[in-house]
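Let's take a walk through this fold together. Keep the viewer open and follow along as we go.

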Amino acid sequence: MEKGVKRWLVDTSKWNPTPHDFSSALFVLPQHERSSITRFLRMEDRKQALVSRLLQYALIHEVLGIPYNEIVIKRTFEGKPYLECSKVGVEFPNFNFNVSHHGDHVAIASEPLCLVGVDVVCCIKPEKESVPEFIENFSSYFSSLEWDNIINTGTSDEILVDFYRYWCLKEAFVKAVGSGVAYGVDKVEFHHTNWTNISVKVDGEPLTEWRFWLFKLPERHWVAQL
């Protein structure tokens, strides 16, 4: 990979820390980051948040060589993390990174020049409603073409998987541009050939310079990156 390009993935289900180990890892982070982790009640949520924060600091340290105690990570109004630092230099004129976690996996990606976005989803079956009822709650986030593709894909399980695949791609895109879901994801329309050769149109206009990848992970997880 080109220098500055990183793609890391962690399966947090493989990590079962003791309370001491968890606290030790937590105290690697600055004080203001710790509170964003301990606010979660469930240990699984705390693990995800902790691994997400640790990966961000580790990636910046490895790529840019900045000491951990000098790394300052802030977030845009929409929640996209960014490095507040003057030490990036000409080698990485637009260094940016993105992180995502859902289910058992945490993913992080970085780029020295291009915008980068990543999103992980776990295809969780709804417990209190049917699949059609569940996805109907999100119908306004999809174009008519995407929605037709989803609801006509086959069985309920196949519909759910397609729903999450489209959702994963949309999230990765809006996270890359830093606009959050408020960007208007119904205007972000994805096209594909059996989930390869993935492309996007925004307001009907093809964005030919963007490249997308969608990968299947274990235990009904998917990750999208661009």
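What follows goes from a small sheet to the cores, then to a pocket and a few single residues.

A word on ground rules: this is a predicted model, in which local features need pLDDT of at least 70 and side-chain atom pairs count only at pLDDT 80 or more, while totals for chains, interfaces and linings use all residues. Residues are numbered from 1 along each chain as its sequence is written, and side-chain values use heavy atoms, with hydrogens and water left out.

Start with the open sheet of three strands, ordered 7-8-9 and paired antiparallel. Strands here are DSSP runs of E with at least two residues, helices are runs of H or I with at least four, and both are numbered from the N terminus. Two strands pair if DSSP finds at least two bridges between them. Strand 7 and strand 9 are the edges, each pairing on one side only.

Strand 7 (residues 188–193) and strand 8 (residues 196–202) are joined by five bridges. Glutamate 189 has lysine 201 in strand 8 as its bridge partner, and histidine 191 has serine 199. The hairpin that these two strands make has two residues between the strands. Look at asparagine 194 in that loop: its phi is positive, about 50°, although it is not a glycine. Asparagine 194 is also exposed, with a relative accessible area of 69%; exposed means over 50%, buried under 20%, and partly exposed in between (1.4 Å probe, protein chains only).

On the other side, strand 8 meets strand 9 (residues 205–206) through two bridges, again antiparallel. Lysine 201 turns up once more, with proline 206 as its bridge partner in strand 9. This hairpin also has two residues between its strands, and aspartate 203 in the turn has a positive phi of about 55°.

Now for the inside. In soluble globular proteins, nonpolar side chains tend to be buried together. A nonpolar core is a set of buried Ala, Val, Leu, Ile, Met, Phe, Trp, Tyr and Cys residues joined through side-chain atoms within 4.5 Å. The largest one here has 34 residues, and Phe173, Phe190 and Phe212 have the most contacts inside it. Two or more residues each come from helix 4 (131–136), helix 5 (144–151), helix 6 (156–177), strand 7, strand 8 and strand 11 (221–225). Helix 6 gives the largest share, 13 residues. Apart from this core lies another, of 24 residues, among them Leu26, Ile37, Leu64 and Phe95.

Back in the largest core, which residues does phenylalanine 190 touch? Not counting residues up to four places away in sequence, phenylalanine 190 is in contact with Glu146, Tyr166, Leu169, Lys170, Phe173, Ile198, Ser199, Val200 and Phe212. Contact means heavy atoms within 4.5 Å.

Next, the second largest pocket, with a volume of about 210 Å³. On a 1 Å grid over the protein atoms alone, a pocket is an open set of points where a 1.4 Å probe fits, with protein on both sides within 12 Å along at least five of seven lines, and lining residues have an atom within 4 Å of a point. Points are joined across faces, edges and corners, and the volume is the space filled by probe spheres set on them. Its lining consists of Arg7, Glu111, Cys114, Leu115, Glu209, Trp210, Arg211, Trp213 and Leu226. These divide into five nonpolar, no polar and four charged, where Ala, Val, Leu, Ile, Met, Phe, Trp, Tyr, Cys and Pro count as nonpolar, Asp, Glu, Lys and Arg as charged, and the others, Gly among them, as polar.

A few single residues round off the tour. Is glutamate 33 buried or exposed? Glutamate 33, in helix 2 (residues 31–38), is buried, with a relative accessible area of 2%. Leaving aside neighbours within four places in sequence, glutamate 33 is in contact with Arg53, Tyr57, Ile73 and Arg75.

Glutamate 219 sits in the loop between strand 10 (213–217) and strand 11. This glutamate 219 is exposed at 64% relative accessibility, and its phi is positive, near 55°.
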